[in-house]
Each structure stands twice: as C-alpha cells, then as structure tokens.
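Dear colleague,

I am handing over the structure below, together with some notes on what turned up in it. Please read the notes with the coordinates open beside you.

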Amino acid sequence: MSQNTNQTPDKATLIIGEQKFEFPIYHGTEGPSVIDIQKLLSQTGYLTYDPGFTSTASCSSAVTFIDGDAGRLLYRGYPIEQLAEYSDFLEICYLLMHGELPKLSQRAQFSEHITYHTLLHEQIISFFNGFRRDAHPMAVMVGVVGALSAFYHDSLDIHDKKARDTATYRLIAKMPTLAAMAYKYTIGQPFVYPINSTSYAGNFLRMMFAVPTEEYIINPIFEKALDLILILHADHEQNASTATVRLAGSSAANPFACVASGIAALWGPAHGGANEAVLKMLNEIGHVDNIPLFLEKAKDKNDPFRLMGFGHRVYKNFDPRATLMREMCHKVLDQLGQQDDPLFELALELEAIALKDEYFVSRKLYPNVDFYSGIILKAMKIPTSMFTVIFSVARTIGWVTHWREMISDPNQKIGRPRQLYSGNVERNFIPMQNRK
Ligand code: SDX
C-alpha cells in the first residue's frame, strides 16, 4: 500500500454497543482507501454483508485502475485513450503482464513467445466434433479451453514460474485459434491454421474468414478496428469474470481451468454477453419511433427488459471505452461507405434520447463498452454469436495477468466468503411414517 498522501485517517473505529474496535485503513496510489476488516470476525464476532461486492475490495492490484466518477481507465497507469491511439494489442499484453511498455527487443521476444504457441495439439480438433453444429460458440470455448489442461501437462504447475509463463503464452496465443475454430465448426467450413507472419488481429480475421480455395487478403480497416476492440476489452479491474478467475485460481486450480471459469462467467448478458444482447435489442427496437416504448420497458421494474449496453457498476460517467468505440464506429462505417448504417443511426439516437431521460440521468446510466462494439463487429461480417467469444479472446490477457498477480501475492489464500444464514434452526429428522 502507498503511504497516506492525503489527510484521511489510518484507522477506522467501529462502535458496537459499548465496545469500540479499531481497524487499519490502507491508501492506494489512486482511488478509494480501504478498511482492513480481516480481523472483524475474530475481534467482534460479526461478518460484513455486501452481496455483489458493491463496497468490497477483494484484493490489492497494480494492473488496472478505473475512476468511475471521472470515466477514466488506466492499464498499468497509461490512459486507455493513449494506448488506443499509439499501441497495439500484443504490446498491451506485454504491458499488462510485465507492468511496463516493452523495448524493441522485448517486444520482438514476446511476439516470438506468442507465435510459437498459436498452433493446437491436433487431437484437440476432435473435441469440436462432439458439439452440435448449432452449439453457441461460447459453449464450445468453455469446453475446449478447460480441456487444454488435458494436453499441456508441462504448464500446469502453478508454483513453477516457467510453467506459469508457458501457460500464459499458450492461452494468449491459442485463444484466437480456438475462437476461429469454434466459428468455422458452426458453419461447416475447414479449420484454418494460424500464419505467424500476420498480426494478432489479422491472424484471427484470416482464421475466421479464409477458405482453402482462395487467397485471403486481410482488410486493414478491419484489422485496425479489431485490434482496437481487443485493446479496449483487455482488462477491467475485478469484474465478474476476472473475480471468478481469481477465485478459481485461489484454490490452486490450473490456469486453463481458471480461464475456462472466466469464459463461463463472461457469457452472461449482464457481463460480456451484453454485446450480443445489444445487437438483438437494436434489431428488436427496429426503428427510432419505437425508442420511447423500449425506454419505458427498461424503466418498468416489472419488466425484465434492461437497456443492454447501458449502465455499469463502477462507471457513473461515460465508459471511456464506449466513447472510443463510437469514434471507431464512425470511422469504420465511413471507410466502408456505410455511414447511414441503420443500426448505428438507431444506437446514436437511443443514446441521445436515454441521456436526456431523468431515469437514466439520475441513475448515472451511460453507454458502456458493449453498446457500440457489436455495430463494428457486424460491419466486419462477424456473426453476433461470436461477439462475446471475441471479448473472451481479448480478456484472456486480463484474466491471466490477475491470476499471475494473485499467485505471486504472499498474502494470497483460498477465497471462501461467509454468509448471513436465513435457513431453518436445528431440528430432528422425521421418519416417513410421521411426516404429515
Ligand atoms: C461489462 O464490471 C465490469 O467492469 C464489466 C465490464 C468489463 O469490462 O469487464 O465493463 C463489461 O460487463 C459491461 C456491462 C455490460 N452489461 C450490460 O450492458 C447489461 C445492462 N446493464 C445492467 O444490467 C447493469 O447496468 C449492470 C449489470 C451493468 C450494472 O448493474 P449494477 O451495478 O448492479 O446496477 P444496479 O442493477 O444496481 O442498477 C442501479 C439502478 C437500478 O434501478 P433502481 O433499483 O435504482 O430503481 O439502475 C437501474 C437498475 O434497475 N439500471 C438499469 C440498467 N442498468 C441499471 N435500468 C435499465 N437498463 C439498464 N441497463
């Protein structure tokens, strides 16, 4: 923890009845300070209660920082706007993993580490044949990523640094290959092997869309747009899927199993599944004239409908990623001559109307990273079912970085939350003949 740079106190006093208890306060380099309540139960007999962890820091981390009120996002201290402008996804992977931007030689070596592992063990291909062709690609990803631990036995020992590094490189390198295979399998086309001379994003596009019968030319507009989407989705503090990966990792599960648990958690429409849900919602709204009806549905507590791509646990201002994504939307659609894309027009109108609506304004509900990403992916002819898969490809570096940080934390222990029990008090078993 950093030293107390501002004048907030270094300890908190809790008064319960006649008793006073003191707990240390730690200050981060940015963001809210924390009250260390690790000894609360042993000292007071009380637990804290925080479903959804709205006021709970689960760990100390140096990877990413979100300033939700100001709408700021830093990867290892660098603002996302600068990284989006000047960097690329593979360099961001190095930055998140090592904490610093790579020098030229480090960048070249890291790229070799990744391209060395882009191929899969050939037997993994047979896993896909076990799925129906209409399986959701996320179901396939959960299955095949978890199965990697059945093939790469030399990178399972979490206490061995070399094994951890190899597992990290394998996961970053193989996720695009697996994701493209998950797509190819659903459309019955042959799998396309990676070509290591292409960029990370270009390789993925090629594995997604190339066919053996023709040469595939990577579209530079799509390559740049996809690289930006990967950068913007790379990491985001202790979001639901990253917290899941940390919890799985805290039991000393192997890294492939941990990332598979992250993919499962990301799939939910309240989290990474929102990008797919946004496009479905825009298609359901269909026309600007229908926006007021859907906004009313979103406000109606008796209606499960939510404005997908809106709202965020941490951002109470614009998600900076949404702003960058909207700018990329404009650029990609202009370059494709699709300036008047009806879905983009509808999304812009929906955003404008919602941000004038008291319900959304009073709750500080702004567009999040998922609101515009689907429009770009759709323009790139990527099917909706692959949107969250692409999110999982990008977030893998975030997941493995947090997994590495957790493993190397000397204070790390298995995560085991407690509960407020609301069930039956102790009672005796009732033999069948006495049950009424
Ligand atoms: C991601 O955590 C991360 O960092 C996630 C992520 C990452 O990079 O890892 O940023 C990626 O998951 C982005 C979020 C994608 N999900 C969606 O777009 C789904 C729609 N959004 C909502 O489900 C919701 O906003 C959440 C889940 C994102 C946040 O939920 P919270 O923090 O639990 O907020 P809440 O449910 O307590 O909402 C507060 C109020 C409630 O109304 P009241 O009870 O005060 O009357 O706002 C309302 C909610 O009903 N509300 C919405 C809404 N989001 C919140 N009402 C309508 N539409 C919405 N989208």
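Contact here means heavy atoms within 4.5 Å. By that criterion, among contacts in the chain between residues at least 6 apart in sequence, 70% join residues at least 24 apart. Please bear in mind that this is a predicted model.

As to the overall form, the secondary structure of the chain comprises 18 helices and six strands, and its C-alpha atoms fill a box of roughly 80 × 70 × 60 Å along the principal axes. A compact globule of 436 residues would have a radius of gyration near 22 Å, and the 24 Å found for the chain agrees with this.

Turning to the surface, the chain exposes about 22300 Å², of which carbon and sulfur atoms supply 54%, while buried residues account for 46% of the 436 residues. The chain carries 41 positive and 46 negative charges, and the mean positions of these two sets are 7 Å apart.

One residue that I looked at in detail is Thr-177, which is found in helix 7, spanning residues 161-187. Thr-177 counts as buried because its relative accessibility is 4%, and the cut-off for that class is under 20%. Leaving aside neighbours within four places in sequence, Thr-177 is in contact with Thr-118, Leu-120, Pro-194 and Met-207. With Thr-118 there is also a polar approach, in that a polar atom of the Thr-177 side chain lies 2.8 Å from the backbone oxygen of Thr-118.

With best regards

Terms used. Residues are numbered from 1 along each chain as its sequence is written. Side-chain values use heavy atoms; hydrogens and water are left out. Helices (H or I, at least four residues) and strands (E, at least two) are DSSP runs, numbered from the N terminus. The radius of gyration is taken over C-alpha atoms; the globule rule is 2.2 Å times the number of residues to the power 0.38. Buried means under 20% relative accessible area, exposed over 50%, partly exposed in between (1.4 Å probe, protein chains only). Accessible areas come from the Shrake-Rupley method with a 1.4 Å probe; for residues, only the protein chains shown count as cover. Lys and Arg count as positive and Asp and Glu as negative; His and the chain ends are not counted. The place of a charge is taken as NZ of Lys, CZ of Arg, CG of Asp or CD of Glu. A polar contact is a pair of N or O atoms within 3.5 Å; within protein, one must be able to donate a hydrogen and the other to accept it, and residues adjacent in sequence count only if both atoms are side-chain atoms.
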